[in-house]
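Trainee: Got a minute to go through this model with me? I'd like to start with what counts as a contact.

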Amino acid sequence: MAEKNADVKFPIYGIPVNTREALGVLHLKGFIADDCVLYSGASMNDVYLHQHDKYRYDRYQLIHNAALANTMSGYITTLLNDPAVQRLDSRSRPKNLEIKEDIRQFRQTLRTLAYNTPGSEGVNGELTVTPLVGLGKQSPLNNTIHHLMFCTEHRLVMCTPYFNLPALLIKNVVRLLKEGKQVEIIIGDKTANDFFIPEDQPFKIIGALPYLYEINLRRFVSRLQRYIDNQQLTVRLWKDGDNSFHLKGLWSDDTWQLLTGNNLNPRAWRLDLENAILIHDPEKVLLEQRLQELEQIRAYTTPLQSYTDLQGIAQYPVKVRKLIRRLRRIRIDRLISRIL
């Protein structure tokens, strides 16, 4: 395509977060145009844009803020200047093996590279947006997610398409419940997972993932059933026909909100390069907008009353059941949960 349209300058870059895709990918989100940032966890393809009969549900936030746009675009410019980053639309680009050492050094750089944000003097009590980026378990983004949950005073709402929370986040949820606080978790039904394969279609190994996530959720709900019974914990499953669910995000009390593409799973926590925008709204300027968005998200959800509302392994299709039992025998299901 680039050769057929040689007069059109539209460079395409490949940013190698690791030497192998299974060990880490670029998962940054956002579109920047002049002084605007359109932030979403969505990718740019037909299903997200609902070009055919199905859609993948996600969040889209348009932010008019020149400083934010400049900060986020400046970070990308820094990435593109690294020798590990190559033009994918060029036939003369080197092979990965030729730049293997550059990629390794680049990954180390990514662990400490941050958005160069302007000073925040004189903004106490005002509505602010702060971009965050991170790679690795101890990244600033991961620390922010942890502290946002840990410091919730009344109510935490979180969305994730895949229920496979890192152990630290599970501990945070349990601690909030023990302290008498409210927690709401909104997740896609397993049939709304983008890896789900209907029974009338040929089965692939990747199709077991939605069932593994449901097993995680069933175990979690069973453990915390008493908090569902006393209405402290609300777990909602999203389902709208054959469409899929891809929402992520955190809302802490009425003052903090995190827009992110982070799936809140071990892969995002350890392997992928992730980003987010933290919104602090102490005067609750965006409260009405926030409540409207959450009501819209809840529109196609059903609250779980018990872990028995979810299927057990014995109720899964035969091929799924056999595969999961085989994975458990060799304990590879634990490895899968750490990288997917």
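Mentor: Contact means heavy atoms within 4.5 Å. Keep in mind that this is a predicted model.

Trainee: Fine. Which residues is R87 in contact with, leaving aside its neighbours within four places in sequence?

Mentor: P11, I12, Y13 and R93. R87 itself is found in strand 6, residues 86-87.

Trainee: How far apart are the C-alpha atoms of R87 and I12?

Mentor: They are separated by 5.7 Å, with the two positions 75 residues apart along the chain.

Trainee: And how does R87 count for accessibility?

Mentor: R87 has 35% relative accessibility, so it counts as partly exposed. Buried would require under 20%, and exposed over 50%.

Trainee: Let's zoom out. How many helices and strands are there?

Mentor: The protein has 10 helices and 15 strands.

Trainee: What about the radius of gyration, and what would a compact globule have?

Mentor: The protein has 21 Å, and a compact globule of 340 residues would have a value near 20 Å, so the two agree. The C-alpha atoms fill a box of roughly 60 × 55 × 40 Å along the principal axes.

Trainee: What share of the residues is buried?

Mentor: 47% of the 340 residues. As for the surface, the protein exposes about 18400 Å², and carbon and sulfur atoms supply 50% of that.

Trainee: Of the contacts with a separation of 6 or more, what part comes from residues 24 or more positions apart?

Mentor: 77% of them.

Trainee: Charges next. How many positive and negative side chains?

Mentor: 45 positive and 37 negative, and the centres of the two sets lie 12 Å apart.

Trainee: Now the interior. Which residues have the most contacts inside the largest nonpolar core?

Mentor: I145, M158, L217, F220, L233 and L250, in a core of 35 residues. Several elements supply at least two residues each, including helix 3 (140-150), strand 8 (155-160), helix 5 (209-223) and strand 14 (274-280). Helix 4 gives the most, with 6 residues.

Trainee: Is there a general point behind that?

Mentor: In soluble globular proteins, nonpolar side chains tend to be buried together.

Trainee: What does I145 touch, not counting residues up to four places away in sequence?

Mentor: L169, L250, L258, N262, L264 and W269. There is also a second, separate core of 24 residues, which includes I15, L110, Y115 and V133.

Trainee: Back to the largest core. Where is L217 found, and what is it in contact with beyond four places in sequence?

Mentor: L217 is found in helix 5. Its contacts are F163, I187, V235, L237, L304 and L310. At 3% relative accessibility, L217 counts as buried.

Trainee: How far is L217 from R87, C-alpha to C-alpha?

Mentor: 41 Å, with the two 130 residues apart along the chain.

Trainee: And L177, buried or exposed?

Mentor: Buried, because its relative accessibility is 1%. L177 lies in helix 4 and touches V183, L224, Y227, Q232 and L233, again not counting residues up to four places away. Its C-alpha is 17 Å from that of C159, which is 18 residues away in sequence.

Trainee: What about L278 in strand 14?

Mentor: L278 counts as buried at 12% relative accessibility. Leaving aside neighbours within four places, L278 is in contact with T128, V129, T130, L132, T144, L148, W256, Q257 and L258. The C-alpha atoms of L278 and E126 are separated by 13 Å, at 152 residues apart along the chain.

Trainee: Last topic, backbone angles. What is the phi of D253?

Mentor: About 55 degrees, a positive value although D253 is not a glycine. Most residues other than glycine have a negative phi.

Trainee: Where is D253 found, and how does it count for accessibility?

Mentor: D253 is found in the loop between strand 12 (249-252) and strand 13 (256-260). Its relative accessibility is 13%, so it counts as buried.

Trainee: What about the phi of K284?

Mentor: K284 is not a glycine and has a positive phi near 60 degrees. K284 sits in the loop between strand 14 and helix 8 (287-298). With 40% relative accessibility, K284 counts as partly exposed.

Notes:
Residues numbered from 1 in each chain as written. Predicted model: local features only at pLDDT ≥ 70, side-chain atom pairs only at ≥ 80, totals over all residues. Heavy atoms only, no water. Rg over C-alpha atoms; globule rule 2.2 N^0.38 Å. Buried < 20%, exposed > 50% of the residue type's maximum accessible area, 1.4 Å probe, protein only. Areas by Shrake-Rupley, 256 points an atom, 1.4 Å probe, with all protein chains shown as cover. Lys, Arg positive; Asp, Glu negative; His and termini not counted. Charge placed at Lys NZ, Arg CZ, Asp CG, Glu CD. Core = buried A, V, L, I, M, F, W, Y, C linked by side-chain atoms within 4.5 Å.
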